[in-house]
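Let's take a walk through this structure together, chain by chain and contact by contact. Keep the view open as you read and turn it as you like.

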Amino acid sequence: MNRTVLRRVAAPCIATLALGLAVSACGAGNEDTGSKTSNLSGTIKGAGSSAQEAAMKAWRAGFQTDNPKVTVNYDPSGSGAGVEQFNAGAIDFAASDAALDPTKGEVDAAKARCGGKNALEVPSYVSPIAVVYKLNGVDKLNLSAKTIADIFSGKVTKWNDAEIAADNSGVTLPSTAITTVHRGDESGTTKNFTDYLSKAGEGAWKYDPDKVWPLKSGEAATGTSGVIAAIKEGSIGYADESQAGDLSKANIKVGDAFTAPSAEGAAKALEVSPIDDTRTEGDLAIKVDRTTTEAGAYPLFLASYVIACPTYDAAKLDLVKGFLKYVVSTAGQQAAASNAGSAPLPASLQTKAAAIIDTIAAK
Amino acid sequence: MKAGSPKRRLGDLVFSNLTRAAGLTILVALAGVGIFLLAQGAPGLTAGKEDLRGHANFLSYVAPLVFGTLLAAVLALLIAVPLALGVALSISHFAPRRLATVIGYLVDLLAAVPSVVYGLWGIGVLGPKIVPLYEWLDKHVGWLPFFAGPYSNTGRTILTASIVLALMVIPIVTAITREIFMQTPRLNEEAALALGATRWEMIRLAVLPYGRSGIVSAAMLGLGRALGETMAVALVLSASNVVTWNLISSTNPSTIAANIALTFSDATGTARNALIASGLVLFVITFVVNFAARAIVARYEPGRKK
Amino acid sequence: MTAVAPEPSLVVEHPLQRPRLPKLAPLIAAVIAAAAAVLLGLSLGWGVAPIVVTGGLIYLVGLSTWSRLVENARAATDRLVTSLVWTALVIALIPLISLLYTVISKGSSSINAKFLTWSMRNVLDGPGGIYHAIMGTLIITLGAAIISVPIGLLAAVYLVEYGQHSRLASWIRFLVDVMTGIPSIVAGLFAYALFSIIVGPGTQMGFGGSVALSILMIPIVVRSSEEMLKLVPTDLREASYALGVPKWKTILKVVIPTAMAGIITGVTLAIARVIGETAPLLIICGATDSVNLNPFSGQMASLPVFIYSSYQSPGANPEVLRQMAWGAALVLIIIVMALNILARVLGKVLSPKTGH
């Protein structure tokens, strides 16, 4: 009897194993190497900004489709983790929502990682952040940075508050209570939003710019899509403009006018922002001007960077250089715009970035 | 058997030591969990403000999380235990046998559903559906601190999370209590009925006293599960890591487990150490609860050789 | 059926029989309560939920009051408790039905050949597939089983055959029980801490997931195997000893084969328990959108983590990915149910035909 039992057990087990091996021998239906010819092959790895995840997906897909034997891995583990891993030499390039911070020693660490040469840093991804809301009967809303700061810090709690009404003459505001929605996870969007509030909010925003939402009130949601999903009647939040969907987007005060969020507006605001001149030559860090009065500019946006070394060994050189060139190219920026809703880099910045990436050389 | 040939004894020696080693491996693994968490968590105990999401020190970081963890688990238990007892009684004493079997299968099914699917259901179905209840509570019993509001318009509150947790706890408590209810000595039940007791009186006099320690330990095991449950809470809750008794607003305390799941991938360096240290705190809490539960079982049920 | 509410005078006519409510009393009360609640609800313009709640309350109060008037206080309490027990059952089962209905109705529309054979690599718009996650789940769980089954089974043998009532054995037994209560995320953190120290900081790989899951799986395997080994009749062992078979051979050739059916059932149920775990894999395995069949290098996708991340951070196509999350949830539930059914079938098929 025992032997029979064992055989009964053994047969299905072996069959299952064999089946498992047979199945695992072949890859997924969409993962075969294509027919395109490219002599590039190998794998490179990047990590960092989760804001760039959707754009990275588009860039990787574009680059991998052109070079079927290449795999570009990207881990959206967050900007801080990306920079940390890059400086530890664990990855080939990093993506970060903030430029390397010299006061935290990140610039020096990156220099050490790159064999004593200053790391390269170029903007790759620009996305306008919209102040989104849902309020029955109100599809156009003007808000100044100060009012936004007062709403999010809990000073203004009803939609018909005098402070909101002052900028919206002719709009009937209901007395609905305001629910604020913020990102619960660490986010470059939060950092840029709070940076905007603290610089343009005329002192109404008392907190430092931070990736973590500084207040302990309001609804917390994970990811841009989480914020969008959490906005119900009477709620207000901030999210990447491209993801706003059916929600209404507030116009923010720039100079004396109110500007609607748009990719062009963000690109324009980026263009009028000065490049940080304390940086080294290959470092295109931008000092974003949140208080610009330029007509049509939309200063509430997120600018994110890619960080790489000036030299790579032969195996990685063409891969990293090729990939990053694609990222800042017109085709790459267009791919990101259509898949991630980002604003394409202004032409002037694009040229500068491409020139910097062209200097990447063999070790 | 001890007087076998040396060859035989060698075989026994090897095999018995092998099995003992396997048993010791389990003890080592359990100790290892504590040791490795301590090793990797220790740097987090002295973490500063920027690694603790704005909290001054580790204690002020983890205290609201412990509060939230306990609050969510206790609420879940308050909801789950009465329901689970009802289900267990319906299986053991109320339903006809065939129906009882079907109910038993359904409860087992409830236990087999992965926690992430509960979370999906909580955020996708329960959350939006439960908002009118919160609105009602806010309007009519808002004077109670628990329902002070303003009510959440997404339903992503600690009460919703607790309801989802309760659903996951019900099968555990039901499974244990129904076993115990079914083990009630038949004679005790029949004696009660013969004396003219109604069914409820029979249950109150014969079944419940017999199963009391079992109910307590089942509830504590359920508590252990609710304390450590991660995904359902992470998906459902709008977490702000505060201390509040308000159960229906958008601003909720987070739980240790959900906080780890939500912030682990963003965290780097010391922030990860701090999360591991908070995991160690959770480990200690659940260990104590489970230890107590098992000790109660061992103490009050000498009949069961454990 | 006689009068709905018997006159009190009936008591006198049947002194030996207490007055009872008619057999259909609960049904009558339910109909009246439902009608009252619907009327009240419609006239006040309520939704469905308040009507149901009110109806339930009217039923509970009405039936027990009726019983108290006609029968007595004890019977009324009995009826009240009976109603409460059934109410508890219904309340507990409604969410289950809602959950299964939602998963099936939302999930079934996304399942097709592409969904099962594609990964998410290079998938930009439109749905991709979950092949990478299915393979990851199978590999990680297989790894967990390879670690857990030998350790768990041998430990159970120790508890039943060697340790028995020794101090070490009772400690192991007790701590195994305690170990069943380890939160899954703690197991994940343990594996993460372990591999951070052994391999390097921040290591994520499929095998780490197997280690984390085996922390959760070993106690289940030990407990179920122990129960099964205990069921093997002592006569069998003694017969074997009498024939001069050494103890270890008796265990391997007589005891374990006899208990094999139960052990396999237990192992299958243990696999079903851990295959849906999300939290540990989120931490130690990470996520990727490509197929990775090597558990010792690189991040590995798994079904539960795919469900979580597709719902929580779907990126640029929230609708598509949330739809895929429901589809993946259905696939996961089907796998878990299949394992449960397999366990029952194996238990039936493999169990010795002749009773001992």
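What follows is a tour of the chains and of the places where they meet.

One thing to keep in mind from the start is that this is a predicted model. Every distance and area below is computed from that model, and the annotated regions come from UniProt records.

Chain B is a good place to begin. It has 10 helices and zero strands, and reading along its sequence gives the pattern α-α-α-α-α-α-α-α-α-α. Along the principal axes, the C-alpha atoms of chain B fill a box of roughly 65 × 65 × 30 Å. An unreviewed UniProt entry marks residues 21-41, 61-87, 99-121, 158-177 and 274-297 of chain B with the annotation "transmembrane region". Take two of these spans and look at them in the model. Residues 61-87 of chain B are 100% helix and 0% strand, and 39 Å separates the C-alpha atoms at the two ends. Residues 99-121 of chain B are 91% helix and 0% strand, with end C-alpha atoms 27 Å apart. The record also gives a longer label, "domain: ABC transmembrane type-1" (unreviewed entry), for residues 66-293 of chain B. Across that whole stretch the chain is 76% helix and 0% strand, yet its end C-alpha atoms are 20 Å apart.

Now move over to chain C. Here the unreviewed UniProt entry lists "transmembrane region" for residues 24-42, 48-69, 81-104, 130-160, 172-199, 205-222, 251-272 and 324-343. Residues 81-104 of chain C are 100% helix and 0% strand, and their end C-alpha atoms lie 35 Å apart. Residues 205-222 of chain C are 94% helix and 0% strand, with 26 Å between the end C-alpha atoms. Chain C also carries the annotation "domain: ABC transmembrane type-1" (unreviewed entry), which UniProt places at residues 134-343. That stretch of chain C is 78% helix and 0% strand, and its end C-alpha atoms are 20 Å apart.

How do helices α11 and α14 of chain C pack? Helix α11 (residues 247-274) and helix α14 (residues 318-350) meet at an angle of about 175°, with their axes 8 Å apart. An angle over 145 degrees counts as roughly antiparallel, and α11(C) and α14(C) are therefore roughly antiparallel to each other. On the α11(C) side, the residues in contact include C:Ala261, C:Ile264 and C:Leu269, while those on the α14(C) side include C:Val336, C:Leu339 and C:Leu346. Sorted by character, the residues of this contact are 11 nonpolar, four polar and no charged.

Next, look at where chains C and B come together. This contact draws 80 residues from chain C and 82 residues from chain B. About 7,200 Å² is buried between the two chains, and carbon and sulfur atoms give 80% of that area. Side chains of opposite charge can pair when their charged atoms come close. Across the interface of chain C and chain B there are two salt bridges. To see a salt bridge between these chains, find the side chains of C:Arg74 and B:Glu201, which meet at 2.7 Å, N to O.

Chain B also touches chain A. How many residues does each chain bring to this contact? Chain B gives 18 residues and chain A gives 21. The area buried between chain B and chain A is about 1,700 Å², with 42% of it from carbon and sulfur atoms. Within chain B, the residues that lose the most area to chain A are B:Arg53, B:Asn153 and B:Asp266, together 36% of what that side buries. One salt bridge crosses this interface. A:Glu219 and B:Arg156 form a salt bridge, and their closest N and O atoms are 2.7 Å apart.

The tour ends inside chain A. Over all chains the count of salt bridges comes to 26, and one of them joins A:Arg279 to A:Glu121, with closest N and O atoms 3.7 Å apart. A:Arg279 sits in the loop between α9 (263-272) and β12 (301-308) of chain A, while A:Glu121 belongs to strand β4 (residues 120-133), so the pair ties together parts that are 158 residues apart in sequence. Helix α9 of chain A also holds A:Glu271. Setting aside neighbours within four places in sequence, A:Glu271 is in contact with A:Pro346 and A:Ser348. By contrast, 30 Å separates the C-alpha atoms of A:Glu271 and A:Leu317, which are 46 residues apart along the chain.

Definitions and conventions: Residues numbered from 1 in each chain as written. Chains lettered and ligands numbered in written order. Predicted model: local features only at pLDDT ≥ 70, side-chain atom pairs only at ≥ 80, totals over all residues. Heavy atoms only, no water. UniProt positions renumbered as here; feature names shortened; annotations may be inferred. Helix = DSSP H or I, 4+ residues; strand = E, 2+ residues; numbered from the N terminus. Axes fitted to C-alpha atoms, helices over the stretch in contact; angles between N-to-C directions. Parallel < 35°, antiparallel > 145°, perpendicular 65-115°, else oblique. Contact = heavy atoms within 4.5 Å. Nonpolar A, V, L, I, M, F, W, Y, C, P; charged D, E, K, R; others polar. Buried area = accessible area lost by both parts, 1.4 Å probe. Salt bridge = Lys/Arg side-chain N within 4 Å of Asp/Glu carboxyl O.
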